[in-house]
Amino acid sequence: MSSFKWKFPIMYLFSVGIANIGGWIYLLAINLMVLEITGSALAVAALYIIKPITQLLVGPWAGSLIDRVSTKHIMVCLDVIRAILIFFIPFSDSIVFIYILVFFIQMAGAIFEPASFTYMTLLLPENIRHRFNAILSFVHSGAFVTGPLIAGVLFMSGSLKEALFVNVGIFLLCAALALLLPRKMSTATFENSRITWLNIQDDWRLVVHFSKKAIPFFVLYMMFQMVMLLTAALDSMEVTFAKQVLNLSNTAYGSLVTLAGIGFLVGALCTNILVRIAPAKLLMSIGTLFVSIGYVIYSFSTTYLLASIGFFVLSFFLSISNTGFMTYIQSNIPTDMMGRISSLYEMLSSFIQIIVILFLGLASQWLSVKEVVIGGSILMFCVALYLTLLSANQTKRKLL
């Protein structure tokens, strides 16, 4: 493997690693800032509903933009925009103004994610994608551990506002690194690169046509996303479950989160070996099944030991399933439609996410937290089992 082939992918990984650490600093700082201003846990929870709402708003047209212009320059512009928006947060004590800024930051992020994924796919030769995705999973896992640690150090040595200024610098650094990457365009050819309502409608039809032709892929994609949406919904009840059901102290809960980070790291290391011998679909399906098993163990736990086993299992296999999923969709979505398909699929996933969060939130009003978490984890296991069986059946048909 030539070093030249890996030169730009390594630069991209470095940029992603820094951005992920910055993302953790931003997430923790904005949560604590909103809590300080309002004193309301509900106000903090409202931050988590903003992201799927912005994805619903940008999903219909973001992919049309991504597939028609330089993805590199989209990434650079969005990093600069997010840096500017975050810069203004420390100067405001108005919760409404902060929510508005967060809304536009999340909107920029909702465009950045499919643009970055499209760029990554265009950048990587097909024969190194599986290895790259395994390393990318390790980078995400490293940020999961180091991001909160760095954030904690910044909070102790300074203020939340100073931590956000550091975050501004991180986004500007990511923009500078992106400028060093090669320019990548979609392989699609357009007679008119302008974004019009008619063009957007045509793009929707193309995505629908692709989905109808690739129904097995579409079903697997949505089943995987359903599991991930359930993990996000259950994560929103994680603190309450740990404190009220397991009666854990803040220190014990903190150690559970640390253990999850270690699980991610160990899983990512193992993934680097598994990608050389196992197909992407197998990693995705088996990994997802064991993620759900980890949640089931956690939901039924009555002691710290059982909860820690569940946490480690789910985080270990989450790294494996995510790597398999990324490689699988890169192999099944045409690069000339990557932006449009990923954006519209993300929009559909966000719509489902809002419904799931609202449903579990309402369920928690009628049932106990433990009952809701158990019910959600069992549902997740059923979806993951169906995904695994469906994947195995599709593989069997191909072999016949």
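The exercises below concern cysteines, aromatic rings and enclosed space in a predicted model.

**Exercise 1. Cysteines**

Task: Find how many disulfides the structure holds, and state whether C174 and C270 are buried or partly exposed.

Solution:
- Step 1. A search of the whole structure returns 0 disulfides.
- Step 2. For C174, the nearest cysteine sulfur belongs to C77 and is 15 Å away. A disulfide needs two cysteine sulfur atoms within 2.5 Å, so this distance rules the pair out.
- Step 3. The relative accessible area of C174 is 1%. Buried means under 20%, therefore C174 is buried.
- Step 4. C270 has a relative accessible area of 28%. That value falls between 20% and 50%, so C270 is partly exposed.

**Exercise 2. Aromatic rings**

Task: Classify the pair formed by F217 and Y328, and say which parts of the chain the pair links.

Solution:
- Step 1. The search of the whole structure gives 18 aromatic pairs. In one of them, F217 and Y328 lie 5.5 Å apart, centre to centre, with 45° between the planes.
- Step 2. Planes under 30 degrees apart count as stacked and those over 60 as edge-to-face, so the pair is tilted.
- Step 3. F217 sits in helix α8 (residues 215-235) and Y328 in helix α12 (residues 304-332). The two residues are 111 residues apart, and the pair links distant parts of the chain.
- Step 4. Both F217 and Y328 are buried.
- Step 5. F217 and Y328 belong to one aromatic cluster, with F210, F218, Y221, F224, F325 and Y345.

A further ring contact involves a charge: R82 lies over the face of F112, 4.4 Å from the ring centre.

**Exercise 3. Cavity and pocket**

Task: Describe the lining of the largest cavity, then that of the second largest pocket.

Solution:
- Step 1. There is 1 cavity of 30 Å³ or more. The volume of the largest cavity is about 60 Å³.
- Step 2. Its lining consists of Q55, V58, G59, A110, E113, P114, S343, E346 and M347. Helices α2 (41-66), α4 (95-123) and α13 (338-366) each give two or more residues to this lining.
- Step 3. By class, the cavity lining has 4 nonpolar, 3 polar and 2 charged residues.
- Step 4. The second largest pocket holds about 300 Å³ of space. It is lined by 15 residues, of which P279, A280, K281, L282 and T395 are the closest to its centre.
- Step 5. At least two residues of the pocket lining come from each of α11 (280-300), α12 and α14 (369-399). The pocket lining divides into 6 nonpolar, 7 polar and 2 charged residues.

Notes. Residues numbered from 1 in each chain as written. Predicted model: local features only at pLDDT ≥ 70, side-chain atom pairs only at ≥ 80, totals over all residues. Heavy atoms only, no water. Buried < 20%, exposed > 50% of the residue type's maximum accessible area, 1.4 Å probe, protein only. Phe/Tyr/Trp six-rings, centres within 6.5 Å; stacked < 30°, edge-to-face > 60°. Helix = DSSP H or I, 4+ residues; strand = E, 2+ residues; numbered from the N terminus. Lys NZ or Arg CZ within 6 Å of the ring centre and 35° of its normal. 1 Å grid on protein atoms, 1.4 Å probe; cavity = no way out; pocket = protein on both sides within 12 Å on 5 of 7 lines; lining within 4 Å. Points joined across faces, edges and corners; volume = space filled by probe spheres on them. Nonpolar A, V, L, I, M, F, W, Y, C, P; charged D, E, K, R; others polar.
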